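Q: Please take a close look at a single part of this structure. Keep to the charged side chains and how they pair.
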Amino acid sequence: MLYPGPPPSHIEGMALLKIARMGHPVLRGVAGAVDDPTAPWVRRLVEDMVETMEDAGGTGIAAPQVHQPYRIVVFQVLGDRLSDMPGDVAQDLTVLINPVVETIGPERAFGWEGCLSVPGLRGVVPRHLHVRYRGTGLDGDVIEREVEGFHARVVQHECDHLDGILYPQRMTDHRLLVFLEELQRHPIDLAAVLAQKPTA
Ligand code: NI
């Protein structure tokens, strides 16, 4: 063929997707399971989710956040927020399809979270410290890990999106839902605030 036409759109490159914000019904729904994790549409969606997450500076993103009601999350765990727990390990970009999170033990901890669907805010959320998660990767292989601390927090946050849960719904002390800009101006001593009872 002397003059090949343009390539099919799915190999033209990745795309930035529109991120749903708190209040959009897609964020409240229960996402559906993916029948075939190796299907080409899943790979294309994941590539776009990764590009969207990186462009927005997120730690992770779930498919419902880009208006796709499927059980797919991508995340990475960078070293700068890890605790000293042995299972709190950095993690390269991970794609989990149809993930299942199982909590281990009763221990929880409070920590700061943000969310691309709740822009500009940060909140302190109690999360299980120790979890095991399992899901399928894009190649169809099973991924199973047991993790702690911040890594466990990231996975719980992302997988909550698949059940229509945003982090403010997990908060137990809403004095600690704040604008990031104010938090940077007025750092919060978390332990001190948590120790002090709200006067409501
Ligand atoms: Ni989120």
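Is Asp160 buried or exposed, by relative accessibility? Please go on from there to the salt bridges around that residue.

A: Asp160 counts as buried, at 8% relative accessibility. The model is predicted. The cut-off for buried is under 20% relative accessible area, so Asp160 falls in that class.

Start with the partner in helix α3. Arg170 and Asp160 form a salt bridge, with their closest N and O atoms 2.8 Å apart. Arg170 sits in helix α3 (residues 167–170) and Asp160 in helix α2, so this pair ties together parts 10 residues apart in sequence. Arg170 counts as partly exposed, at 37% relative accessibility.

Next comes the partner in a strand. Asp160 also meets Arg127 in a salt bridge, at 2.9 Å from N to O. This contact links distant parts of the chain: Arg127 belongs to strand β5 and Asp160 to helix α2 (residues 149–161), 33 residues apart. Arg127 is buried, with a relative accessible area of 4%.

Now follow Arg127 onward. Arg127 forms a salt bridge with Glu113, and the closest N and O atoms lie 2.8 Å apart. Here strand β4 (residues 108–113) supplies Glu113, while strand β5 (residues 121–128) supplies Arg127; the two residues are 14 apart. Glu113 is buried too, its relative accessible area being 4%.

Put the pairs together. Glu113, Arg127, Asp160 and Arg170 belong to a network of salt bridges that also includes Arg153. Across the whole structure, the search finds 11 salt bridges.

Key: Residues numbered from 1 in each chain as written. Predicted model: local features only at pLDDT ≥ 70, side-chain atom pairs only at ≥ 80, totals over all residues. Heavy atoms only, no water. Salt bridge = Lys/Arg side-chain N within 4 Å of Asp/Glu carboxyl O. Helix = DSSP H or I, 4+ residues; strand = E, 2+ residues; numbered from the N terminus. Buried < 20%, exposed > 50% of the residue type's maximum accessible area, 1.4 Å probe, protein only.
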